[in-house]
Structures are given as structure tokens and as C-alpha cells.
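Colleague: I have a few questions about this model. Can you walk me through the strands and then the empty space?

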Amino acid sequence: MRALLLVDLQNDFMPFGSLPVSDGDVVVEVANALIPRFPLVVASQDWHPADHGSFASVHPGSVPGEVIDLAGVSQVLWPDHCVQNTPGASFHSALDIGGVDHVVRKGSDPEVDSYSAFFDNDRRRDTGLAAYLEQRGAEELVIMGLATDYCVRATVLDACGLGFGVTVIEDGCRAVDVASGDGERAFMEMRQAGARVIPAAEFV
Ligand code: VGL
Ligand code: ZN
């Protein structure tokens, strides 16, 4: 069975949010068009406590974009974003949330970030998503969302490593592009890991 996995379609990653992704809102329509075509739809939600270690604001003298060591893992610092129970953490209001069967939250541990919807960045903890998908009988995943170069990339690489058949909807993703070309490089890595990267129009 084939499941759709929507990565972090949350207000703070939209052009009006605190960690804006250019044209991030455009992909919500792509998600809404795909949702009815899947027997199982899962959405991930970046879900940080207010003092999360990935926030530049909790490290005095640091600014977003800096890279630090966070409990032994290299960590890019971000503006405060997707704080639990704030509007920024909510899904975009146009997303057809009624069509989503299951939400997986990540990034709740202040000591470690979690770009992937499957594992924390230190890979010590598992979100439970792989077990959920297995229990529901999903073997193939179609993945899209925000941002290409962070959470989509990490989720796709883990899904490939876990043995799922993975298709990425290219025009359903947008990149942060801290360095220009990061999004394109992320698509290359996903292809190298075995993911099929196609436009939504080619999805059948
Ligand atoms: C993300 C940076 C920080 C993402 C989440 O969803 O790609 N990026 N937290
Ligand atoms: Zn985050």
C-alpha cells in the first residue's frame, strides 16, 4: 500500500512565518490535490518547546545561521519557530487537514533537533512513524513538503534507509536555501539514495 507523507506544512515555514521558505504556501495546493488519491495520509509537525536548543535565541550571542555543537551533534541555529501550541506551529489553514489520518510530531526534546519524521538527529530516538506505517501496511511512500534541504531531505533519506519505496514530489517541495543550491543538492542526494523524484503531474 502507498501512503502520502506531508512534511511540516506549518505556518512558520510559510512566506509569512518566522522561518520563511520562499513559495512555501504554493505546495499546500499540491498536497490538497494529492490527499484524496491515497488510502493513508500522514503529516509531520515540527513541535518545539520554547527553549529548544535549535533556537539562536537560547544561545546568548548567537544568531540564526550559525552552526554549533548541540549535545554532540552539529546544529544550525534557527529563529524561534513551530513552538508547541502557538499559531506558527499550526498547519497552514488551507491544508485539507480532514484528509490527514495521522500526525507525527518531532523536535520536542530541547537537547536534540529532529529534521527527519522518523528519527531525532542523533538517531537515538525514534518517532514511532516507521512502526505506524508498517502496522498500516504501507510499503511505498510519496513524500513532499518543507523544507527540501532539511526536513524533506532527512525524512526521504531515512525512508530509503528503512527500505520503503520512495517517491518525492519535486514541485511539492521548497527549499530554505541557506546557501544557494542547497535544495538542488538535496534532490541529488535523495536520488542517489534511491528515491524517485518526479513532478506532481507525472504522479499516477
Ligand atoms: C525545518 C529547520 C528547522 C524543516 C525544521 O521543516 O525543514 N527546518 N526546523
Ligand atoms: Zn525545527
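Colleague: In S8, which residue is the bridge partner of Thr-167?

Modeller: This is a predicted model. Strand S7 spans residues 165-174, and strand S8 spans residues 196-198. The two strands pair in the parallel sense over 3 bridges. In S8, the partner of Thr-167 is Arg-196.

Colleague: Which residue in S6 does Thr-167 stand opposite?

Modeller: S7 also pairs with strand S6, residues 140-146. That pairing is parallel and has 6 bridges. Here Thr-167 stands opposite Val-142.

Colleague: Which helix does the chain pass through from S6 to S7, and what is the hand of the crossover?

Modeller: The link is a β-α-β crossover. Its helix is H3, residues 148-161. The hand is right-handed.

Colleague: What is the hand of the unit that S7 and S8 make with a helix, and which helix is it?

Modeller: This is a β-α-β unit as well. The unit is right-handed. Its helix covers residues 182-192 and is H4.

Colleague: How much space lies in the largest cavity?

Modeller: The search covered the whole structure, with a cut-off of 30 Å³ or more. It found 1 cavity. The space inside is about 110 Å³.

Colleague: Which residues of the lining are closest to the centre of the largest cavity?

Modeller: The lining has 14 residues. By class, they divide into 9 nonpolar, 2 polar and 3 charged. The closest to the centre are Phe-13, Leu-19, Tyr-115, Tyr-150 and Cys-151.

Note on methods: Residues are numbered from 1 along each chain as its sequence is written. Chains are lettered from A and ligands numbered from 1 in the order in which they are written. This is a predicted model: local features need pLDDT of at least 70, side-chain atom pairs count only at pLDDT 80 or more; totals for chains, interfaces and linings use all residues. Side-chain values use heavy atoms; hydrogens and water are left out. Two strands pair if DSSP finds at least two bridges between them. Helices (H or I, at least four residues) and strands (E, at least two) are DSSP runs, numbered from the N terminus. A crossover is right-handed if, with the strands pointing away from the viewer, the path from the first strand over the helix to the second runs clockwise. On a 1 Å grid over the protein atoms alone, a cavity is a set of points where a 1.4 Å probe fits but cannot get out, and a pocket is an open set with protein on both sides within 12 Å along at least five of seven lines; lining residues have an atom within 4 Å of a point. Grid points are joined across faces, edges and corners, and a volume is the space filled by probe spheres set on the points. Ala, Val, Leu, Ile, Met, Phe, Trp, Tyr, Cys and Pro count as nonpolar, Asp, Glu, Lys and Arg as charged, and the others, Gly among them, as polar.
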